[in-house]
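Got your viewer open and a selection box ready? Let's take a walk through this model, one selection at a time.

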Amino acid sequence: MAESKGNGLQSALRRRLLMGLAGVPAIALMPRMSFAAGPATATVNTTGLAVTDTEVTVGILHSATGTMAISETGSIQAEKLAISQINEAGGVLGRKIKIIQEDGASDWPTFAEKAKKLLVNDHCAAVMGCWTSASRKAALPVFEQYNGLLYYPTFYEGLEQSKNVIYTGQEATQQILESLNWVAKEKGAKTFFFIGSDYIWPRTSNKIARKHIENVLKTKVVGEEYFPLGHTQFNSVINKLKLTKPDVIFTDVVGGSNVAFYKQLKAAGIDLSKQTLLTISVTEDEIDGIGGDNIAGAYSCMKYFQSLKNPNNEKFVAAFHKMWGEKTVIGDVTQAAYLGPFLWKMAVEKAGSFDVDKVAAASAGIEFKEAPEGYVKIHPNHHLWSKTRVAKALPSGQFEVVYESPELIEPNPFPKGYQ
Amino acid sequence: MLGDYSLTDLSSIFVMQGFAGLILFSVYTLMALGLAIIFGQMGVINMAHGEFMILGAYMTYLCSGFFQTHLPALFPAYFFVAMALAFVASGALGMLVEWALIRHLYKRPLDTLLATWGLSLILQQAYRTIFGPREVGVELPSWLIGSVQVTDTIEIPINGMFVMAITLLITAGVALLMYRSRFGAQVRAVVQNRPMAGAVGIDTEKVDRLTFGLGCGIAGIAGSAFTMVGSTGPTSGQLYIVDTFLIVVFGGAASLLGTIASAFSISQTQSTLEFFLSGSTAKVITLLAVVGILMLRPQGLFTLKVRR
């Protein structure tokens, strides 16, 4: 109301201001005419990110050394492939992506330190990175404090949601519930035995699985065992399996323990073609170390397997093999890591800006139809809608998909009744 | 938890559990033997012990690949060649390390801890560069896979028995070498009194080098055998190092018999507890027991009576 009472001088001032403002779009258009590349840097980058007229900087933050290098190498490879493909297709808003890669060295404080370096010194517009929950938890406060954007590829335990993170892997309920339903229906499973490594992801996942088994499926968990990370002797627990004879062995053992567990299971004469074993921690990457013969017949639940038959995936696998060699295998997380750069590119283009706030706001609802796993969509909670699949391990080290959820499963990082 | 099962079920589980304990005992003994020589006899805190084991594992991996492509007919027997090769490779690397690094540090035993820890990092990164960061799968000959069906309900894993046999052989070999041979007498003489041993004409440098090489070589064999039951990756050695030191220290550093006794007690406690409790709890209780006993007997279970 105050404006209507303004005097002549103020109106004149306002008029001139308005004229000036009207000129802004014209200025913004000028570089487009002269460079024919993309919108002017000043308009797409108002927060001082490392964006020039021709380049935008993106960080990659994984462990290239240390224990976790085993797992994280695939993610680095996938992210580099995606970025090179985006660059070949013209980049993001007319700008080529420049990569700055940092090594988290399998050490969680290092992840936080390197994340800070990527955000504060290098002004990365986005960071593809972290793998273990511990590394993500260490880096998360940094991303929130300096308002960075992290694309996190690993399937994980859920119970987290941040404006500054896009979770491209599945959270626990997406991965677990559907496959438990499948094993109950298909194999008539009534009793379950849980074996996991002793840290947050297996414990949370098993908690969700137990609630589902007891409250929804109305069946029984007959044993639940955890072993320290790096544990290599499983003969005692294998004897327990022989004694309790569960219908399903449900495992989330990780790292070197994983290899030891399957080797000893096989040696102890537990035949996985007769004994149903469902795992949420074995992808093609792990089978490389375990050996196809040792795990053949086990069922794994993931959203992606290298053997998926669809044109997107065939193209992806061919490109991956061309860049990183024919022998490299592609696991679930590797594929999820591949999604990150594309999801970021689409969000940037939808927002028309590299600004983290705008990209984060534009992310909900982004659809990626060319994903190797098939159609995916970002949920407002920053996780992905995705299908869950159950596949059987073959002696060749590949998987044969035996079940696929008919619909996309909604991500639900804070599941009610499962905590 | 045992009420619901039949007597035959229970007795066969106890038999299998007994074997599980014996297998764990063999694994622990094999793991600790090399270190018992290096740490126990020479006083060198070798943090790179696990990496010497993994060198043996990688030799086995290379060997299995070579036999598969070039000598498929001999594949069933490749494991013995692999173990010999693992011994030679780890032993040679051990002697090289002794010459380049360790011999300068005999007067500063605590510094060997840092030096060998650095060495372990260097070796890990070397494996990562050469063999790649991913774990490799070692193909086993078919006769080593599976289990022997003793009765309807009792099954014993073959590779477990194989590890037991290897352990028995190597332990006997080491015991003979240390206590019944000229070389063993020289080693013990050098350990007890270096200047005096030198004065009576023992080439102490040579004895040191051979002893260190021997310890590393045995680590190599252990690593080779563990490809059957464990993982082979650049950092897999780290999985063993804590347990290994635990056993050697608990047993009493300078005693071979102590090492064996300690491997036996720790493995039996561990495997029995694992059966009745959960894995993590079993580990905690075992460690607590070890700490408790070491507080009462800081020198370990067995000690040599040496005038210091």
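Start by selecting H8 of chain A, a helix that is mostly covered: 9 of its 10 residues are buried. Here, buried means that 20 or more other C-beta atoms lie within 10 Å of the residue's own, while 12 or fewer makes it exposed and anything in between partly exposed, with C-beta atoms placed from the backbone. Helices (H or I, at least four residues) and strands (E, at least two) are DSSP runs, numbered from the N terminus. Among the buried residues of H8(A) are A:Val237, A:Ile238 and A:Leu241, and also A:Lys240 and A:Lys242. Step just past the end of H8(A) and you reach A:Lys245, which takes a positive phi of about 45°.

Before going on, a word on what you're looking at. This is a predicted model, where local features need pLDDT of at least 70 and side-chain atom pairs count only at pLDDT 80 or more, while totals for chains, interfaces and linings use all residues. Residues are numbered from 1 along each chain as its sequence is written, and chains are lettered from A and ligands numbered from 1 in the order in which they are written.

Next, select residues 200–216 of chain A, which form helix H7. How far apart are its end C-alpha atoms? They are 23 Å apart, which agrees with the 24 Å that its 17 residues should span at 1.5 Å a residue (the rule multiplies 1.5 Å by one less than the number of residues). Colour its buried residues, including A:Trp201, A:Ile208 and A:His212. The buried residues of H7(A) pack against helices H5 (133–145) and H6 (172–186) and strands E6 (191–197), E7 and E8 (248–252) of chain A. Just after H7(A), A:Lys218 has a positive phi of about 55°.

Now zoom out to chain A as a whole. Its secondary structure comes to 14 helices and 15 strands, and 53% of its 419 residues are buried. Along its principal axes, the C-alpha trace spans about 95 × 50 × 40 Å.

Try colouring chain A by domain: domain 1 is 55–170 + 309–386 and domain 2 is 173–302 + 390–404, with bounds that come from an automatic or database domain assignment. Their C-alpha centres lie 28 Å apart. Where they meet, 16 residues of domain 1 are in contact with 14 residues of domain 2; contact means that two C-beta atoms, placed from the backbone, lie within 7 Å. On the domain 1 side, H3 and helix H13 (332–351) each supply at least two residues.

Bring chain B into view. How many residues of chain A are in contact with chain B? The answer is 36, and they meet 40 residues of chain B. On the chain A side, the elements giving two or more residues are helix H3 (69–88), strand E7 (220–227) and helices H8 (235–244), H9 (256–267) and H10 (284–290). So H8, your starting point, is one of the elements here.

Finish in the largest nonpolar core, which has 131 residues. Such a core is a set of buried Ala, Val, Leu, Ile, Met, Phe, Trp, Tyr and Cys residues joined through C-beta atoms within 7 Å. B:Tyr28, B:Ala32 and B:Ala222 touch the most other members, and helix H1 (residues 7–42) of chain B gives the largest share, 20 residues. Apart from that core lies another, of 66 residues, among them A:Ile97 and A:Tyr338.
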